[in-house]
Amino acid sequence: MAAQVARHGLLMRQSFSLASQEAINWFPGHMAKGLTQMQQKLRAVDCVVEVHDARIPLSGRNPLFEKRLGLSTLKPHLLVMNKMDLADPTHMQAVKEYYDGQGVHQVLFTNCKEPNSPGIKRIINKVSRAIKDSERYNRSEEESYNVMVIGIPNVGKSSLINALRAKHLRRSKATRVGATPGITQSVMEKIKVCEDPKVYLVDTPGVLTPRITDLEMGLKLALAATIKDHLVGEDVIADYLLYRLNLAGNHKYVQFLGLDAPTDTIQDLLISAALRNNWVRNVRDHRGLNTFPDTLATAARFIRAFRTGVFGRITLDHIP
Ligand SMILES: Nc1nc2c(ncn2[C@@H]2O[C@H](COP(=O)(O)OP(=O)(O)OP(=O)(O)O)[C@@H](O)[C@H]2O)c(=O)[nH]1
Ligand SMILES: [Mg+2]
């Protein structure tokens with residue numbers, strides 16, 4: 001057992017470690033194909049909007065975008081931190097300053113669940129400005145903009161397109177959205193989202209870095225649901241979540257799961273919560289019906305609670 005330390009009234013581990021240090025490899029065919037399609041479409045694009053998850057503002061942005069799509073150099077580029085409703089609002093300014101220092105000057109925070117929220121309202125303006133300010137802008141004949149929306153899986157690229165369309169055209173969903181990563185599987189046809197100016201958005205599949213070797217970054221990406229859960233394991237993701245909540249002194253899970261007290265041991269938490277809430281599995285064998293605590297389903301519930309904001313607005317990255 002690693003050394004423990006008292007924190008917020010709980011004796012807990014000092015750092016998070018895993019028995020297996022294997023890199024996460026998730027780069028299915030549709031991602032490789034998608035990236036090639038994006039490259040091919042790039043010529044017809046006036047601006048690239050990169051969507052990322054505001055809970056992990058620094059972790060997991062795909063370096064392949066810079067390499068293959070030449071983000072900041074080839075096209076005007078806007079970085080949208082989505083799901084701001086789930087992220088700690090006190091970090092927003094620090095994130096903007098961090099990216100400003102990195103040469104990314106256009107950073108916007110959005111909540112796609114609210115098409116009338118301030119971030120969504122500002123996007124079309126920002127896009128038009130970025131295109132007009134770019135050196136390559138020398139067209140006078142045509143006043144329509146083509147924008148490609150890119151990003152890692154499940155950050156809300158398709159939701160952003162639908163939110164803009166709802167806001168500016170009062171039209172319903174045009175592209176499919178889902179709670180698990182890998183919903184959009186190929187580069188789509190352009191979708192009109194605004195009439196004046198005429199703005200068309202191209203939806204693309206989420207593309208993850210092919211090999212995630214940084215363990216903690218992989219866990220943050222998994223907790224934010226950008227990687228399929230089973231690739232990391234619900235029990236491992238739940239353990240990392242528990243570690244992060246305890247580290248922050250956030251013990252809201254005690255009430256949510258019906259526990260007696262905080263704990264830093266995931267198996268204790270899962271078994272107690274499963275029994276308290278009757279999240280059990282019945283298995284019949286030669287002795288009759290046996291009831292087991294369903295720890296995997298409990299882990300999934302615990303993770304889902306984080307993802308829906310039950311434990312509050314939490315940013316997982318440390319902003320320098
Ligand atoms: N809380 C919250 N949820 C959001 C927001 N934007 C999108 N979502 C949810 O996030 C999930 C993923 O949304 P999508 O729009 O499908 O994400 P995507 O980036 O297109 O995903 P892929 O196509 O799989 O790469 C869905 O369950 C959305 O409802 C947001 O601003 N806040
Ligand atoms: Mg999508």
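The following legends describe close-up views of a predicted model.

**View 1. The two domains of the predicted model.** The domain assignment of the protein gives two parts, domain 1 (25-211) and domain 2 (233-307). Taken over C-alpha atoms, the centres of domain 1 and domain 2 are 36 Å apart. Both domains contribute residues to the lining of the largest pocket, so this pocket lies between them.

**View 2. The largest pocket and its lining.** The space in the largest pocket amounts to about 1,000 Å³. Its lining consists of 46 residues, and those closest to the centre of the pocket are Lys83, Asn154, Val177, Gly178 and Ala179. Two elements, helix H6 (157-169) and helix H12 (295-307), each give two or more residues to this lining. Helix H6 gives the most, with six residues. By class, the lining of the largest pocket comprises 17 nonpolar, 15 polar and 14 charged residues.

**View 3. Ligand 1 and the residues around it.** There are 23 residues around ligand 1, and the nearest of them are Asp85, Cys112, Lys157, Ser159 and Ile183. Two of these nearest residues are shown here with their polar atoms. A polar backbone atom of Cys112 is 2.7 Å from an oxygen atom of ligand 1. In the side chain of Lys157, an N or O atom is 2.6 Å from an oxygen atom of ligand 1. Gly206 also takes part through its backbone, where an N or O atom lies 3.3 Å from an oxygen atom of ligand 1. Ligand 1 exposes 660 Å² when taken alone, and the protein buries 91% of that area.

**View 4. The largest cavity, with its nonpolar lining.** The model has two cavities of 30 Å³ or more, and the largest cavity has a volume of about 40 Å³. The residues that line the largest cavity are Val49, Ile123, Ile124, Val127, Val147, Val149, Leu160, Leu164, Val199 and Leu201. The lining has ten nonpolar residues, with no polar and no charged ones. At least two lining residues come from each of helix H5 (118-133), strand E7 (144-151), H6 and strand E9 (198-202). Helix H5 gives the most to the lining of the largest cavity, with three residues. Helix H6 thus appears in this lining and also in that of the largest pocket.

**View 5. The second largest cavity.** This cavity holds about 30 Å³ of space. It is lined by Ala54, Pro57, Ala87, Asp88, His91, Met92, Val95, Phe109 and Thr315. Its lining divides into six nonpolar residues, two polar residues and one charged residue.

**View 6. The cis peptide bond between Asp196 and Pro197.** The peptide bond that joins Asp196 and Pro197 is cis, with omega about 0 degrees. Pro197 is placed in the loop between strand E8 (191-194) and E9. Strand E9 is among the elements that supply at least two residues to the lining of the largest cavity.

**View 7. Two residues other than glycine with positive phi, Lys83 and Asn278.** Lys83 has a positive phi, near 60 degrees, although this residue is not a glycine. The loop that holds Lys83 runs between strand E5 (77-82) and helix H4 (92-101). Lys83 is also one of the residues closest to the centre of the largest pocket. For Asn278, phi is likewise positive, at about 60 degrees. Asn278 lies in the loop between helix H11 (266-277) and strand E11 (280-285).

Methods
Residues numbered from 1 in each chain as written. Chains lettered and ligands numbered in written order. Predicted model: local features only at pLDDT ≥ 70, side-chain atom pairs only at ≥ 80, totals over all residues. Heavy atoms only, no water. 1 Å grid on protein atoms, 1.4 Å probe; cavity = no way out; pocket = protein on both sides within 12 Å on 5 of 7 lines; lining within 4 Å. Points joined across faces, edges and corners; volume = space filled by probe spheres on them. Helix = DSSP H or I, 4+ residues; strand = E, 2+ residues; numbered from the N terminus. Nonpolar A, V, L, I, M, F, W, Y, C, P; charged D, E, K, R; others polar. Domains from an automatic or database assignment. Near = heavy atom within 4 Å. Polar contact = N/O pair within 3.5 Å; in protein donor to acceptor, adjacent residues only side chain to side chain. Areas by Shrake-Rupley, 256 points an atom, 1.4 Å probe, with all protein chains shown as cover.
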